[in-house]
Amino acid sequence: MQNNNPENIIEALNVNRYFGAGNLALGNFTVSVPRGGVYGFLGRNGAGKTTAIKIIAGLLRPDFGTVRVLGKDPFTFTPADRQRVGYMSEKQILPVNYRVGALVKFCAAFYPRWHHELVAQLLGKFNISCQRKIGQLSQGTQRQVAFILALAQRPELLILDEPAATLDVVARREFLDEILRLLRDADGGTTVFISSHILSDIERIADHIGIIAGGQLIVSEPLDDLAESVKKIRFHSFNNGAANFAYPGAYRTISGRDEVLVTARVRDPLTVAQCAQRHGASYEIQDLNLEDIFYEISTR
Amino acid sequence: MFLHLNPQSGEPVYRQMVRQLKQRIATGQLADGQQLPSVRDLSAELHVNPLTVAKAYQFLERDGLVEFRRGQGTFVAADRDRFSKAQQQKLIAPAVAQVVSEALHLGLSVGQLQQLIRQYYAKQQS
């Protein structure tokens, strides 16, 4: 198998996974995540996101296909391999009867690179007392504890499944800053694989974007490339009416009375100019942000 | 260093950085030979991915506006290549197109627009 490019920290090839007979969660799911940086993994509910993440984290076995994380099958990870990967699941369940301090101590014992000062600093910053029992903390605060535990491992690969959904705005910003700090401290050595519905968060920190739909990865590329190439174009002032207008390869076309709105990949603005010229029309090109792009691509 | 970055504007963040840094270099807010913050520091200050800052610096370096000095950091290039006439016109064209279409929309004549541009030019130079 040739998917062992050391540049990629995660490689999945043609992964299929069924739940029950004929209920396909992932169908030929293929992804390559480059080492270093933040990979934002997006998809609608039910698109197969969490299944893919669990397979990458080594918690589910694919029915078919191969997965390599840090160059190895995550299902064969040794304890030493596990120490290199941090994972925070969508529904993290921490032991409710533990006090925060005791839980930290318990986890620290497993990780040789455990960052004690960071834990103390973040508990202080988020105002979480070591004496409190986990069960007494709010959902959001429990989330913050789980996040601190994942960060303290200083992992090479940090997998975060919908980590910020229950956090307030301030806590989310602090959370994003800590991810960026992890990247800076590792100086290019750390990769964060994060799924979220909060696309403004992803847009703030990610450099790579993957979009999953219907159990398949339909987009995987640098965020900048996506933002620079997916555009909305308004064609207007048609010489001979807009009736026969079509833009090749458009994600979406909406026809108005004397105008047409198209969402498409624009690799070269010249293509748009030529299309306008063929139809005797004028045009303007608009930028789209990540939320717009996600909507246009995942609903077409 | 404060830059105004809006990750949700649809314009890639590194481009927003390049645009604003170019403007500061052009207006002398960043002096020739001045050291820029390290990628690490600027990423922390602006709350953006260090790869984004590195990319912005690379684009500025490619355009000859900054230079990397080994082991020292990134500096505003002292002997910057001035742009050729053609390059200058290409770079300014989108902004001009925007202004002209706004002027048409508002019903300003070419003369009125020229008058305004002269005023602003004089103000910036003084």
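Student: In which helix of chain A is A:Arg172 found?

Tutor: A:Arg172 is found in helix H6 of chain A. Before we go on, keep in mind that this is a predicted model.

Student: Is A:Arg172 buried or exposed?

Tutor: To answer that, we look at the relative accessible area, where buried means under 20%. For A:Arg172 the value is 18%, so this arginine counts as buried.

Student: Which residues does A:Arg172 touch?

Tutor: Leaving aside residues up to four places away in sequence, A:Arg172 touches A:Ala164, A:Leu167, A:Ile198, A:Ser200 and A:Asp201.

Student: How do I read the packing of two helices, say H5 and H6 of chain A? At what angle do they pack?

Tutor: Picture a line along each helix, then look at the angle and the distance between the lines. Helix H5 covers residues 139–152 and helix H6 covers residues 169–186, and their axes lie 12 Å apart at an angle of about 5°. That angle makes H5(A) roughly parallel to H6(A), because angles under 35 degrees count as roughly parallel.

Student: Which residues meet where H5(A) and H6(A) pack?

Tutor: H5(A) contributes A:Gln144, A:Phe147 and A:Leu151. From H6(A) come A:Ala171, A:Glu174, A:Phe175, A:Glu178, A:Ile179 and A:Leu182. Sorted by character, the residues of this contact are six nonpolar, one polar and two charged.

Student: I see A:Glu178 in that list. Which side chain does A:Glu178 meet in a salt bridge?

Tutor: A salt bridge pairs a side-chain nitrogen of Lys or Arg with a carboxyl oxygen of Asp or Glu. Here A:Glu178 meets A:Arg181, at 3.0 Å from N to O. Both partners sit in helix H6 of chain A, three residues apart, which is about one turn of the helix. A:Arg181 is buried, and so is A:Glu178.

Student: What about a pair that lies in two strands? Which parts does the salt bridge of A:Arg265 and A:Glu221 tie together?

Tutor: A:Arg265 is in strand S12 (residues 260–265) of chain A and A:Glu221 is in strand S9 (residues 216–222) of chain A, so the pair ties together parts that are 44 residues apart in sequence. Their closest N and O atoms are 2.7 Å apart.

Student: Are A:Arg265 and A:Glu221 buried or exposed?

Tutor: A:Arg265 counts as buried at 19% relative accessibility, and A:Glu221 counts as buried at 13%.

Student: Which residues are linked in a network of salt bridges?

Tutor: A:Arg35, A:Arg84 and A:Glu156 are linked in such a network. Over all chains, the structure holds 21 salt bridges.

Student: How many salt bridges are found across the interface of chain B and chain A?

Tutor: The rule finds three. One of them joins the side chains of A:Glu228 and B:Arg15, at 2.7 Å from N to O. This pair runs from helix H8 (residues 223–229) of chain A to helix H1 (residues 13–26) of chain B. A:Glu228 is partly exposed at 24% relative accessibility, and B:Arg15 is partly exposed at 41%. B:Lys55 and A:Asp224 also meet in a salt bridge, again with 2.7 Å from N to O.

Student: How many residues does the contact take from each chain?

Tutor: It takes 17 residues from chain B and 20 residues from chain A. The two chains bury about 1,600 Å² between them, with 49% of that on carbon and sulfur atoms.

Student: What does the secondary structure of chain B come to?

Tutor: Chain B has five helices and two strands. Along the sequence, they follow the pattern α-α-α-β-β-α-α. Of the 126 residues in chain B, 29% are buried. The C-alpha atoms of chain B fill a box of roughly 55 × 35 × 25 Å, taken along the principal axes.

Student: One last feature, the backbone angle phi. Which residues have a positive phi without being glycine?

Tutor: Let us look at two cases. A:Asn14 has a phi of about 45°; this residue lies in strand S1 (residues 8–18) of chain A and is partly exposed, at 33%. A:Ser237 has a phi near 50°. Its place is in the loop between strand S10 (230–236) and strand S11 (252–255) of chain A, and A:Ser237 counts as partly exposed at 46% relative accessibility.

Note on methods. Residues numbered from 1 in each chain as written. Chains lettered and ligands numbered in written order. Predicted model: local features only at pLDDT ≥ 70, side-chain atom pairs only at ≥ 80, totals over all residues. Heavy atoms only, no water. Axes fitted to C-alpha atoms, helices over the stretch in contact; angles between N-to-C directions. Helix = DSSP H or I, 4+ residues; strand = E, 2+ residues; numbered from the N terminus. Parallel < 35°, antiparallel > 145°, perpendicular 65-115°, else oblique. Contact = heavy atoms within 4.5 Å. Nonpolar A, V, L, I, M, F, W, Y, C, P; charged D, E, K, R; others polar. Buried < 20%, exposed > 50% of the residue type's maximum accessible area, 1.4 Å probe, protein only. Buried area = accessible area lost by both parts, 1.4 Å probe. Salt bridge = Lys/Arg side-chain N within 4 Å of Asp/Glu carboxyl O.
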